[in-house]
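Today I am looking at how the helices pack in this model. My notes follow the structure.

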Amino acid sequence: NVWENCAKIISEYDDKKLERYLFELLKWLMDMNWPGAFIILDRINNFSDKSAVKTAKLNCLLIAKQTVDEVWTANLEMIKI
């Protein structure tokens with residue numbers, strides 16, 4: 001699957017390269033049935049800068065709650081920070 005392979009490649013990038021894309025990566029967690037979602041979740045959970053992850057997570061939670069996206073909200077809670 002193309003998307004799962006993309007997630008595998010992205011997950012190999014170092015934190016410094018991924019940090020600017022954290023917000024976009026968290027959008028991948030809108031549906032855990034999407035190919036590669038668990039790969040991205042695992043990579044985010046292993047991100048060294050927990051502060052950057054927390055900021056991105058809070059921004060996504062705000063959007064998820066404003067749009068009443070309960071699934072995305074629940075998925076974002078799987079991030080360990």
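I started with α1 (2-11) and α4 (37-45): their axes come within 8 Å and cross at roughly 15 degrees. Axes here are lines fitted to C-alpha atoms over the stretch in contact, with angles from 0 to 180 degrees between N-to-C directions. An angle under 35 degrees counts as roughly parallel, so α1 and α4 are roughly parallel to each other. I then looked up who makes the contact (heavy atoms within 4.5 Å): Glu4, Ala7, Lys8, Ile10 and Ser11 of α1 meet Ile39, Ile40 and Arg43 of α4. By type, the residues of this contact are four nonpolar, one polar and three charged.

A note on the source: this is a predicted model, where local features need pLDDT of at least 70, side-chain atom pairs count only at pLDDT 80 or more, and totals for chains, interfaces and linings use all residues. Residues are numbered from 1 along each chain as its sequence is written, and side-chain values use heavy atoms, leaving out hydrogens and water.

Next, which residues of α4 are buried (under 20% relative accessible area, 1.4 Å probe, protein chains only)? I found Ala37, Ile40, Leu41, Arg43, Ile44 and Asn45. Their cover includes α1, α2 (15-18), α3 (22-27) and α5 (50-66).

Last, I checked the largest nonpolar core (buried Ala, Val, Leu, Ile, Met, Phe, Trp, Tyr and Cys joined through side-chain atoms within 4.5 Å). Among its 22 residues, Leu26, Leu29, Ile40, Ile44, Leu76 and Ile79 touch the most other members. The largest share, six residues, comes from α5. Beyond its neighbours within four places in sequence, Leu29 contacts Ala37, Ile40, Leu41, Ile44, Trp72, Asn75 and Ile79.

Definitions and conventions
Buried < 20%, exposed > 50% of the residue type's maximum accessible area, 1.4 Å probe, protein only. Helix = DSSP H or I, 4+ residues; strand = E, 2+ residues; numbered from the N terminus. Parallel < 35°, antiparallel > 145°, perpendicular 65-115°, else oblique. Nonpolar A, V, L, I, M, F, W, Y, C, P; charged D, E, K, R; others polar.
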